[in-house]
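Trainee: I would like to work through this chain with you, beginning with a single element and moving outward to its surroundings. Could we look at the model together?

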Amino acid sequence: MKATLLPPPLMAAIAATGMVATADWPAVGRLALPGLQPAAVIAWLAGAALMLTAAWTMRQARTTLNPIQPGRARQLVTHGLFARSRNPIYLADVLLLIGLLLWLGQVSGLLWITAFALWIDRLQIPAEEQALTGLFGDDYRAYRARVRRWL
């Protein structure tokens, strides 16, 4: 079963491109706070660390990283970061986008981040959850009851 037509990394890239394209729109507004660029670097580092750690955990479990074909999962990963969040890679995507928002210092990025998060939350994740429920049944339902979708 395929989750959605567009892979989440492509959707994150579209959101990032939209953020860059709208960064200079004067009517939207700019963030005028000190330390935005160091905060951006921290968000990027945190997002990258989260993504790499989650991907490594999935690779170690010998299961798929392909979000478009969750039905190919071979194992339900419930340890490491996945004991705290069912979707740490999507959380990492949001952190990376927040880093871009802070680096650009523009308010319009909030719309792009919100659109990305809603797309993931309302379309991508439910399709993945359906596939994983079909594969892992009660084990996955118990995992969903115990671990939050995001944080």
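Trainee: How far does α3 reach from its first C-alpha to its last, and what span is expected at 1.5 Å a residue?

Mentor: Bear in mind that this is a predicted model. Helix α3 has 17 residues, for which the span expected at 1.5 Å a residue is 24 Å. The distance from the first C-alpha of α3 to the last is close to that expectation, at 24 Å.

Trainee: How many of the residues of α3 are buried, and which are they?

Mentor: The buried residues of α3 include Pro 88, Tyr 90, Leu 91, Ala 92, Asp 93 and Val 94, and also among them are Leu 97, Gly 99, Leu 100, Leu 101, Leu 102 and Leu 104. These buried residues pack against α1, α2 and α4. Helix α3 is largely enclosed by the rest of the structure, because the buried count among its 17 residues is twelve.

Trainee: How are α3 and α4 oriented to each other, roughly parallel or roughly antiparallel?

Mentor: The axes of the two helices, α3 and α4, come within 10 Å and cross at roughly 170°. An angle over 145 degrees counts as roughly antiparallel. The relation between α3 and α4 is therefore roughly antiparallel.

Trainee: Which residues meet where α3 and α4 are in contact, and how do they divide into nonpolar, polar and charged?

Mentor: From α3 come Tyr 90, Asp 93, Val 94, Leu 97, Ile 98 and Leu 101, and these meet Gly 109, Leu 110, Ile 113, Phe 116, Ile 120, Gln 124, Ile 125 and Glu 128 in α4. Sorted by character, the residues of this contact between α3 and α4 are ten nonpolar, two polar and two charged.

Trainee: Which helix gives the most to the largest nonpolar core, and with how many residues?

Mentor: That core has 19 residues, of which Met 19, Leu 97, Ile 113, Phe 116 and Ile 120 touch the most other members. At least two residues of the core are supplied by each of α1 (8-21), α2 (36-60), α3 (88-104) and α4 (109-146). The helix that gives the most is α3, with seven residues.

Trainee: What does Met 19 contact, leaving aside its neighbours within four places in sequence?

Mentor: Met 19 is one of the core members that touch the most others. With those sequence neighbours set aside, the contacts of Met 19 are Leu 97, Leu 100, Leu 101, Leu 104, Gln 106, Gly 109, Trp 112 and Ile 113.

Trainee: Is Asn 87 buried or exposed, and which residues does it touch beyond four places in sequence?

Mentor: Asn 87 lies in the loop between α2 and α3. Its relative accessibility is 9%, and the cut-off for buried is under 20%, so Asn 87 counts as buried. Not counting residues up to four places away in sequence, Asn 87 touches Ile 125, Glu 128 and Arg 149.

Trainee: Stepping back, what pattern does the chain follow along the sequence, and what percentage of its contacts between residues at least 6 apart join residues at least 24 apart?

Mentor: The chain holds four helices and zero strands, and 44% of its 151 residues count as buried. Read along the sequence, the pattern is α-α-α-α. Among contacts between residues at least 6 apart in sequence, the share joining residues at least 24 apart is 81%.

Note on methods:
Residues numbered from 1 in each chain as written. Predicted model: local features only at pLDDT ≥ 70, side-chain atom pairs only at ≥ 80, totals over all residues. Heavy atoms only, no water. Core = buried A, V, L, I, M, F, W, Y, C linked by side-chain atoms within 4.5 Å. Buried < 20%, exposed > 50% of the residue type's maximum accessible area, 1.4 Å probe, protein only. Contact = heavy atoms within 4.5 Å. Axes fitted to C-alpha atoms, helices over the stretch in contact; angles between N-to-C directions. Parallel < 35°, antiparallel > 145°, perpendicular 65-115°, else oblique. Nonpolar A, V, L, I, M, F, W, Y, C, P; charged D, E, K, R; others polar. Expected span 1.5 Å × (residues − 1).
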